[in-house]
Amino acid sequence: MVDMSTVLAGALKTASGLFGLGKIWFMPTFLAALTYYNYDLYDPESQPISVSKIRDEYDFIVVGAGSAGSVVASRLSEHKEWSVLLLEAGGHESEITDVPILSLYLHGSRYDWKYKTEPSNTACQAMKEKRCCWTRGKVIGGSSVLNTMLYVRGNKKDYDAWAEMGNPGWSYEEVLPYFLKSQDQRNPYLARNKRYHATGGYLTVDDAPWLSPLGLAFLQAGEEMGYPIRDINGASQTGFALFQFTTRRGMRVSAAKAFLNPVRLRSNLDVALNTVTTKVLIDGSKRAVGVQYFRDGKYSIVRARKEVILSAGAVNSPQLLMLSGIGPREQLEKHGIGVIADSPGVGENVMDHIAVGGMVFLIDYPISLVMNRVVNVNSAIRYAVSGEGPLTSSVGLETVAFVTTKFGNATDNWPDIELMLTSASTNSDGGSNVKRAHCLTDTFYDSVFKDINNRDVFGVFPMIMRPKSRGVIRLKNKDPFQAPLIYHNYLTHPDDIRVLREGLKAGLAIGETQAMKRFGARFHNRLLPGCKHLPEYTDEYWDCYIRQYTMTIYHMSGSTKMGPSSDPMAVVDPRLRVYGVANLRVIDASIMPQITTGNINAPTIMIGEKGADMIVEDLKS
């Protein structure tokens, strides 16, 4: 057993590296209590063991231990006759990553790839250099270690549309069993509905242990506006609901914690951390036979007897394909990479959910999630001892609404806007970590938020569900350690700005309900820099507003899309096999032909479940 002082010292070192202990003065006490009362969770022996030596050959090599890769490696290793190697560029999770309220502190840390998009004039005008920050997890568990833990499956029509695009096996009725396979639903009322929920899976899904009075008030506001309160992961999505989260006892349940920690002692599963995959090895007959990787200061290779699976995410999976000679011919030749498969869709079709940031409503009561009030010794001890209190809040996310604007068809039950309703907003931490995580300029923040620092507020974040704009990912050069060029192309399709504008108006309407007015709600109507020349409250002003504080919700997807062989832009077939190269699959969010309606972590885990099952079916049939 590891000595307690060793664990605590590691915790303090982590905190110091992330924040500086002088900035969060209560952190030593907090970590000491957290480690003492939850030692079974923080014993390093309970985490997957990173192998000191990678063998020469395995049956399967899975690249990326994120939301999909953790699932794929776990499920394939259930078959004792197969050996599995899981490669991850980052290291272990820590005590800090478990605490829901601290998720934004992780952005830009050692757990993050720290990607930035290329400058653009269509969106993110309030960000430094007009570049959006794309936080991506560089840690075992991937982006599920940095996200806000929201469990949203998407809409029935999303998956039926995938099937109609020429992807048999991906309709809603065919993917629903894979959502259920993962799930351990902790809400007993929802768990009774066996059609849509299950218990006993690896992935814990639970209600928030702590809500402010605003959470239920948002539900009342929805009813006042004529919307039902419903289970958004059930039969119908339109309406208001309290969010559910991938948490357990108030702590984050990442994909690694869910799917890898319980199977860490399997002798046929090797996990190699701090190992960067640089290239897929493809032989003369166009078969993937292994990968090249960089570890401990040197390049090495490892071979795969059966398959290589890329689960590196919507940025790294297309980058790895192109570095390996699979991608648009002109791009590969431009960088001196030999063309193995001319696949023009690699790096295309990039999708993301974006939201309107900065919609802040001031209130008159001390009930919101003001960080310098709720983050203190008392709340830290309460969290450490019982897993309760405001530190279990996922940065104030409490209630969700799915609505259809005038540009959609309300009778379809296929909402085009998600409203994330929060008991906190950009100003709630006094201009420190939210501003930094969103890469806002000091000038913009000071102009809009500085005079309401640490004031009680609630936030409304309207998010577009099915954007028509498409981004592109390109290689900067053939150096695998150079970040690729990311062109988000947000709001380049005129329909996207129209839909978001109507979503913004729906958000304003929430603030006008009696349910919210009883708290004294009023919109913080500060004219935004860059928009002051436009008449206030006009469509032109709101369009400018949207292009200023354009928030990525970190739902990057679609960059190696799935499709039939008749689609020249499809990168993988409906069995997730890469066109043009045998024994190579992509299993992660990048295969989505169209982004799902809602937060995408649960759909990505489903893709991992279904993809692993397809491998088993194909190899054992």
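In this predicted model, Val139 touches Ala65, Glu88, Gly90, Gly91, His92, Glu93, Tyr111 and Val145, not counting its neighbours within four places in sequence. The residue sits in the loop between β4 (133-134) and α5 (156-164). Val139 counts as buried because its relative accessibility is 0%. An unreviewed UniProt entry lists Val139 under "binding site". UniProt, again in an unreviewed entry, also places "domain: Glucose-methanol-choline oxidoreductase N-terminal" at residues 137-160 and 313-327. Residues 137-160 are 21% helix and 0% strand, with 30 Å between the end C-alpha atoms. For residues 313-327 the figures are 73% helix and 13% strand, and the end C-alpha atoms lie 16 Å apart.

Two helices show what lies under cover. Helix α4 (residues 69-76) is mostly covered, with 8 of its 8 residues buried; among them are Val71, Val72 and Leu76, and also Arg75. In helix α6 (residues 172-182), the buried set is Tyr172, Val175, Leu176, Tyr178, Phe179, Leu180 and Ser182. The cover over these α6 residues includes α5, β5 (183-185), β6 (203-207), α9 (255-259) and α19 (601-620).

Next comes Asn268, in the loop between α9 and β11 (269-272). With a relative accessible area of 11%, Asn268 is buried. Its side chain has a polar atom 3.0 Å from the backbone oxygen of Ser77, and one 3.2 Å from the backbone oxygen of His79. Beyond its neighbours within four places in sequence, Asn268 is in contact with Ser77, His79, Lys80, Trp82, Ser83 and Val84.

Side chains of opposite charge can pair when their charged atoms come close. The whole structure holds 35 salt bridges. One of them joins Lys620 to Glu81, with the closest N and O atoms 2.7 Å apart. Lys620 belongs to helix α19 and Glu81 to the loop between α4 and β2, so this pair ties together parts 539 residues apart in sequence. Both ends are partly exposed: Lys620 has a relative accessible area of 43%, and Glu81 has one of 49%.

Helix α16 takes part in two further pairs. Glu502 and Lys406 meet in a salt bridge at 3.9 Å, N to O. Since Glu502 is in helix α16 (residues 494-511) and Lys406 is in the loop between β19 (397-403) and β20 (417-422), the pair links parts 96 residues apart in sequence. Here the two ends sit on opposite sides of the burial scale: Glu502 is buried at 14% relative accessibility, whereas Lys406 is exposed at 63%. The other pair is Lys468 with Asp495, whose closest N and O atoms are 2.7 Å apart. Lys468 lies in the loop between β21 (457-464) and β22 (472-474) and Asp495 in α16, so the parts tied together are 27 residues apart in sequence. Lys468 is partly exposed at 46% relative accessibility, and Asp495 is partly exposed with a relative accessible area of 22%. Elsewhere, salt bridges that share partners join Glu307, Asp573, Arg575, Arg577, Arg585, Glu617 and Asp618 into one network.

On the surface, Leu211, Leu216 and Leu242 make a nonpolar patch of about 220 Å². Leu216 lies in helix α8 (residues 213-224) and, at 49% relative accessibility, counts as partly exposed.

Finally, a word on the backbone. Most residues other than glycine have a negative phi. Lys114, in the loop between β2 (84-87) and β3 (115-116), has a positive phi near 60°. Arg249 has a positive phi too, near 55°, and is found in the loop between β9 (247-248) and β10 (251-252).

Notes. Residues numbered from 1 in each chain as written. Predicted model: local features only at pLDDT ≥ 70, side-chain atom pairs only at ≥ 80, totals over all residues. Heavy atoms only, no water. Patch = residues over 30% accessible without salt bridge, like charges linked within 9 Å, V, L, I, M, F, W, Y side chains within 5 Å. Areas by Shrake-Rupley, 256 points an atom, 1.4 Å probe, with all protein chains shown as cover. Salt bridge = Lys/Arg side-chain N within 4 Å of Asp/Glu carboxyl O. Helix = DSSP H or I, 4+ residues; strand = E, 2+ residues; numbered from the N terminus. Buried < 20%, exposed > 50% of the residue type's maximum accessible area, 1.4 Å probe, protein only. UniProt positions renumbered as here; feature names shortened; annotations may be inferred. Contact = heavy atoms within 4.5 Å. Polar contact = N/O pair within 3.5 Å; in protein donor to acceptor, adjacent residues only side chain to side chain.
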